Amino acid sequence: MTSWTPQLRGRDGPLYRVIADALAADIDEGRLAPGTRLPTHRELAEKVGVTVGTVTRAYAEAERRGLIGGEVGRGTFVRHRDAPRHLPTPAPDTGDDALVELGLNWPATPPGDPAGTALRKTLDALQRSPRLSELLDYQPHAGLLAHREAGAKWLSRFGLEVSPEQVVVCSGGQHAMEVALTALTRPGDTVLAEALTYPGLKVLASRLHLRLHGVALDEHGLKPDALEAACRTGAKVLFCVPNLQNPTGTVMSEERRRRIAAVVRKHGLTVVEDDAYGLLLDKCPPPLSTLVPESGWFIGGVSKLLAPGLRIGYLAAPSEAGTERLAEEAALAVRMTPPLMAEVAARWVNDGTADELVVRRRREAQERLELAREVLGDLLPKAPRAPTYHLWLKLPAGWRAESFTAQARRRGVSVTPAEVFTVGPATAPAAVRVCLGAPRTRASLEKGLRRLRETLEGGPEPLASIV
């Protein structure tokens, strides 16, 4: 824990906001490194001479700005600036000195991406529809039946066969995660997840007052013996990403899925399976949810496969009986998923546009992966074969993830260190996630990859670690 004390002199406004401004300044100027644990509310209140309530409001304001995040049982930490709660738009590549953004996990956009053209055609058809005005009315919490039918059809692409009555239409994958976990857990519950996991889950767990417990994984995904041991925590829910796991990019083998399913069934776990990337694979193993159909809750989004702005995700319950719970939670969060967006997604699923976009994204991801192999070469000893938007780059001896990230940024390329993904008190590995999709062009991607290679080959700078 840092002994941080905010410098409040010369700042105007309410005390809580002054403290949040001081925190922001210290983060921006490098005095507080990402991952730093901040003083408790009471400790900081005593240092500054304010009430605990003022510090609580200050930390809440800082979290609202995306500066910090809390983890139940661990404390409050400075967030990594490359993993903000609200993702910024990558800056355009305006010159040789421009920062190349390889820290944001955006889908790879192919040249002449047909998504825009498809949207114009769909909107043109919609404006001639006699039922257009109906999309402006309140809709059922789970979504219109036609949209749930399209959702069931979309999920079948992943190998999951469900009825429309089992599907709830959500406002993207993150919303689907929130709906599922809110319906399946209570504050204070323990949720199991990969030891390196999607940062959005960590933020969500903090908001829902859930305890995350990391489960070790290897090149085949979750380790069955580690999951068996983790069940001793009393957890009843497992969240996992078996396909192109974020951040490691692993694809859980079918044999491994069957072993994990056996542990799930033995201990009565409920599985929340998130498949944001699976359709990038030419052929993927069956969803884990199909191996435990009585307890598998499946999320199949469209943001990473069709278009990020199409905020639609489909959440499938094990049975129609479970859908009512999900619909209630979805309604509490957003009242209903915007029907206009759901209509666009449904039309794309039904007329084949979605399949065309997936093919184009898969091809672009594969070509960007080939470029990464070419540039990084021997520095990427276990490069994935399957198309992917992100790589897990293990650093040579002598490097720390945070110091490498800082040094790479000084060279003009942004990546995300392992600390952002690490669950609980475990020591983060010396590794970074490298995203291949955010650069608008392959030329910009190549420039960023070459900067990464130069950083690695140059070795750690003396005293380069962030303190």
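1. Start with the loop between β9 and α9, where P247 sits. The model is a predicted one, and in it the peptide bond from N246 to P247 comes out cis, with omega near 20°. That loop also holds L244, which has a positive phi, near 50°, without being a glycine. Most residues other than glycine have a negative phi, and most peptide bonds are trans. I'd look at both spots with that in mind. L244 isn't out in the open either: its relative accessible area is 1%, so it counts as buried.

2. There is another positive phi to look at. H209, again not a glycine, has a phi of about 60°. Its place is the loop between α7 (199-207) and β6 (211-215). How buried or exposed is H209? At a relative accessible area of 48%, H209 is partly exposed, whereas L244 is buried.

3. Next, the helix after that first loop. α9 covers residues 254-267, which makes 14 residues, and the run from its first C-alpha to its last is 20 Å, close to the 20 Å expected at 1.5 Å a residue. Its buried residues are R256, R257, I260, A261, V263 and V264; note the two arginines in that set. Viewed down the axis of α9, the buried positions fall within an arc of 160°, so they line one face of the helix. An α-helix has 3.6 residues a turn, so residues three or four places apart point the same way.

4. What sits over that face of α9? The elements covering the buried residues include the strands β7 (217-218), β8 (221-222), β9 (237-240) and β10 (270-274), along with the helices α8 (224-230) and α10 (288-291). At the far end, α9 is followed by G268, which has a positive phi near 65°. Here the residue is a glycine, while H209 is not.

5. On to the largest nonpolar core, which has 40 residues. The members touching the most other members are W154, L155, L306, L310, I312, Y314 and W348. Each of α4 (115-127), α5 (145-156), β4 (167-170), β12 (313-316), α12 (339-351) and α13 (353-376) puts in at least two residues. Which element gives the largest share? That is α12, with six residues.

6. L310 is a handy place to look inside this core. Setting aside neighbours within four places in sequence, L310 is in contact with V302, S303, M341, V344, A345 and W348. There is also a second core, separate from the one above, made up of 29 residues; V179, V272, L326 and A327 are among them.

7. α4 deserves its own point. This helix has 13 residues and spans 18 Å between its first and last C-alpha, close to the 18 Å expected at 1.5 Å a residue. A115, A118, T122 and L126 are the buried ones. Down the axis of α4 they fall within an arc of 70°, so they line one face of the helix. Turn to the other side of α4 and you find R120, K121 and Q127 exposed. The cover over the buried residues of α4 includes α12 and α13, and both of those helices also feed the largest core.

8. How many cavities of 30 Å³ or more turn up in a search of the whole structure? The search finds one. The largest cavity holds about 60 Å³ of space. Its lining is Q139, P140, H141, G143, L144, H147, V169, M336, T337, P339 and A342.

9. T337 from that lining is also a contact of H175. H175 lies in α6 (residues 173-184), and with a relative accessible area of 6% H175 is buried. Besides T337, H175 touches C170, A330, A333 and V334, leaving aside residues within four places in sequence.

10. Last, T455, in helix α15 (residues 442-458). Is T455 buried or exposed? Its relative accessibility is 0%, which means that T455 counts as buried, the cut-off being under 20%. Not counting residues up to four places away in sequence, T455 touches W399, F404, Q407, A408 and R411.

Note on methods:
Residues numbered from 1 in each chain as written. Predicted model: local features only at pLDDT ≥ 70, side-chain atom pairs only at ≥ 80, totals over all residues. Heavy atoms only, no water. Core = buried A, V, L, I, M, F, W, Y, C linked by side-chain atoms within 4.5 Å. Buried < 20%, exposed > 50% of the residue type's maximum accessible area, 1.4 Å probe, protein only. Helix = DSSP H or I, 4+ residues; strand = E, 2+ residues; numbered from the N terminus. Contact = heavy atoms within 4.5 Å. Expected span 1.5 Å × (residues − 1). Arc of directions from axis to C-beta. 1 Å grid on protein atoms, 1.4 Å probe; cavity = no way out; pocket = protein on both sides within 12 Å on 5 of 7 lines; lining within 4 Å. Points joined across faces, edges and corners; volume = space filled by probe spheres on them.
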